[in-house]
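Biologist: Could you pick one spot and take me through it slowly, along with whatever lies around it? I work at the bench, so please spell out any cut-offs as you go.

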Amino acid sequence: RRLRTCWDNMAFTLYSLIQAAILCVNAVAVLHEERFLTKIGWGVDQSVGGFGDEPGIKVQLMNLVRSVRTVMRVPLIAVNSVCIVLLLLFG
Amino acid sequence: MLDFPNDPNMRLRNSSVDGADGSQLFEDTSGAGSASQAGFPGQSLLSDPMSNLAMAYGSSLATQGREIVDKNLDRFIPISKLKYYFAVDTVYVGKKLGLLVFPYMHENWEVSYQQDTPVAPRFDVNAPDLYIPAMGFITYVLVAGLALGTQNRFSPELLGVQASSALVWLIMEVLAVLLSLYLVTVNTDLTTIDLLAFSGYKYVGMIVGVVAGLLFGRPAYYLSLLWCCAAIFVFMIRTLRLKLLSEAAAEGRLVRGARNQLRMYLTMTIAAAQPIFMYWFTYHLIR
């Protein structure tokens with residue numbers, strides 16, 4: 001019992017890190033621009049302003065979300081398909 | 001086919017003659033073979049022209065393959081940049097270890113530059129390196145295995161589990177610091193490898209704590225861990241202050257403004273995360 005409680009929060013492997021990364025990127029990729037982000041004020045067209053000063057944290061986050069969605073859209077299709085096939089085969 | 005028994009000997013004599021001038025088509029691998037060929041006519045493997053050709057082709061293919069691997073590896077992992085971080089010597093390692101354990105007397109924390117490029121760690125104590133973090137990581141895994149062994153909890157798989165979980169947390173910490181640096185838009189010249197180096201310095205304190213705990217018991221573990229945590233905290237604050245904060249704030253003057261406050265908080269958070277990790281990774285090793 002002691003062994004389990006010790007290793008509960010410690011026994012991460014690289015595999016679980018990859019899993020967590022894929023899940024996080026998927027989560028960011030499903031945020032729809034029109035239906036969701038503009039509704040809560042996180043659309044990218046609402047981030048204009050403050051040209052002289054450096055952008056704030058919210059603007060940086062919005063840019064990050066948008067760039068992740070743009071860049072990772074196609075690779076995620078491939079990675080997710082591979083994951084699905086592997087999970088179906090090996091559980 | 002009738003010429004076959006004669007040809008190898010002909011080729012032998014020819015190649016030994018050709019060895020003198022540099023215009024031979026193949027590498028002269030039959031030179032060594034010809035000395036032993038006199039007594040062993042049966043072993044014609046090395047003197048067979050086809051195998052000569054095959055060996056020469058194979059060696060040229062291997063060289064080409066190695067060049068391709070080198071070129072592509074350099075694209076993914078910057079080997080030349082990595083070499084800078086391993087350019088250390090014994091004096092530097094000794095001074096840096098002393099600095100990690102006792103950073104209170106050191107005065108000048110700036111990295112000296114030499115025509116826009118930072119000086120190699122061999123010449124400057126303040127430059128980050130990857131040798132100490134790498135060695136510290138490996139030593140930590142071994143010491144953790146040793147500590148688990150004293151509690152009769154050791155098995156060889158545990159070494160791998162320890163190593164991979166420590167590596168995972170290191171990667172997550174570096175990613176978190178990168179993300180927060182991006183969000184706060186700090187204009188800094190800290191590279192990812194620099195952050196990896198700074199995050200790896202805490203392994204030194206962890207090793208000191210665990211070894212003290214193994215040798216002298218729990219009170220020694222807590223004392224040495226406390227000392228090393230404080231030392232790493234001060235070390236990180238003093239090192240990151242110069243890189244993250246603006247010039248004025250780095251010199252200690254109070255600078256108003258939300259941005260500098262945010263950067264100060266960021267520095268403090270990064271520095272405070274180190275002792276937390278240090279305790280978290282070692283408390284289960286000392287019973």
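Modeller: Happily! Let's start with the second largest cavity, whose lining has 6 nonpolar, no polar and 2 charged residues. In that count, Ala, Val, Leu, Ile, Met, Phe, Trp, Tyr, Cys and Pro are nonpolar, Asp, Glu, Lys and Arg are charged, and the others, Gly among them, are polar. Please keep in mind that this is a predicted model: local features need pLDDT of at least 70, side-chain atom pairs count only at pLDDT 80 or more, and totals for chains, interfaces and linings use all residues. Residues are numbered from 1 along each chain as its sequence is written, chains are lettered from A and ligands numbered from 1 in the order in which they are written, and side-chain values use heavy atoms, leaving out hydrogens and water.

Rolling a probe the size of a water molecule over the atoms shows where empty space is left. On a 1 Å grid over the protein atoms alone, a cavity is a set of points where a 1.4 Å probe fits but cannot get out, a pocket is an open set with protein on both sides within 12 Å along at least five of seven lines, and lining residues have an atom within 4 Å of a point. Grid points are joined across faces, edges and corners, and a volume is the space filled by probe spheres set on the points.

By that rule the second largest cavity holds about 30 Å³. Around it sit Ala166(B), Trp169(B), Leu170(B), Glu173(B), Lys202(B), Tyr203(B), Phe277(B) and Phe281(B). Two or more of the lining residues come from each of H7, helix H9 (202–216) and H12 of chain B, and H7(B) provides the largest share, 4 residues. Helices here are DSSP runs of H or I with at least four residues, strands are runs of E with at least two, and both are numbered from the N terminus.

What about the other enclosed space? The structure holds 2 cavities of 30 Å³ or more, and the largest contains about 40 Å³ of space. The residues lining the largest cavity are Glu173(B), Val177(B), Leu195(B), Phe198(B), Ser199(B), Met236(B), Ile270(B) and Gln274(B). Here H7, helix H8 (192–200) and H12 of chain B each give two or more residues, with H8(B) giving the largest share, 3 residues. By class, the lining of the largest cavity has 5 nonpolar, 2 polar and 1 charged. Notice that Glu173(B) is found in the linings of both cavities.

H12(B) deserves a glance too, since it covers residues 258–282 and includes Asn260(B). Asn260(B) counts as buried because its relative accessibility is 16%; the cut-offs are under 20% for buried, over 50% for exposed and partly exposed in between, using a 1.4 Å probe and protein chains only.

H7(B) also leads us to chain A. The largest pocket has a volume of about 510 Å³. Of its 13 lining residues, Cys24(A), Val25(A), Leu64(A), Leu175(B) and Leu179(B) lie nearest the centre. H2 and H4 of chain A, together with H7 of chain B, each supply two or more residues to this lining, and H2(A) gives the most, 6 residues. The pocket lining divides into 13 nonpolar, no polar and no charged residues.

H4(A) has a story of its own. Its buried residues are Gln60(A), Met62(A), Val65(A), Arg69(A) and Leu76(A), and these pack against helix H2 (14–29) and helix H3 (33–37) of chain A together with helix H7 (156–183) of chain B. H4(A) bends by about 55° at Met72(A), with Pro75(A) following within four residues; the bend is the angle between axes fitted to the seven residues ending at a residue and the seven starting there. Just after H4(A) comes Gly91(A), whose phi is positive, near 75°.

To place all this, chain B has 12 helices and 2 strands, and buried residues make up 40% of its 287 residues. Chain A has 4 helices and 0 strands, with 16% of its 91 residues buried.

Terms used. Contact means heavy atoms within 4.5 Å.
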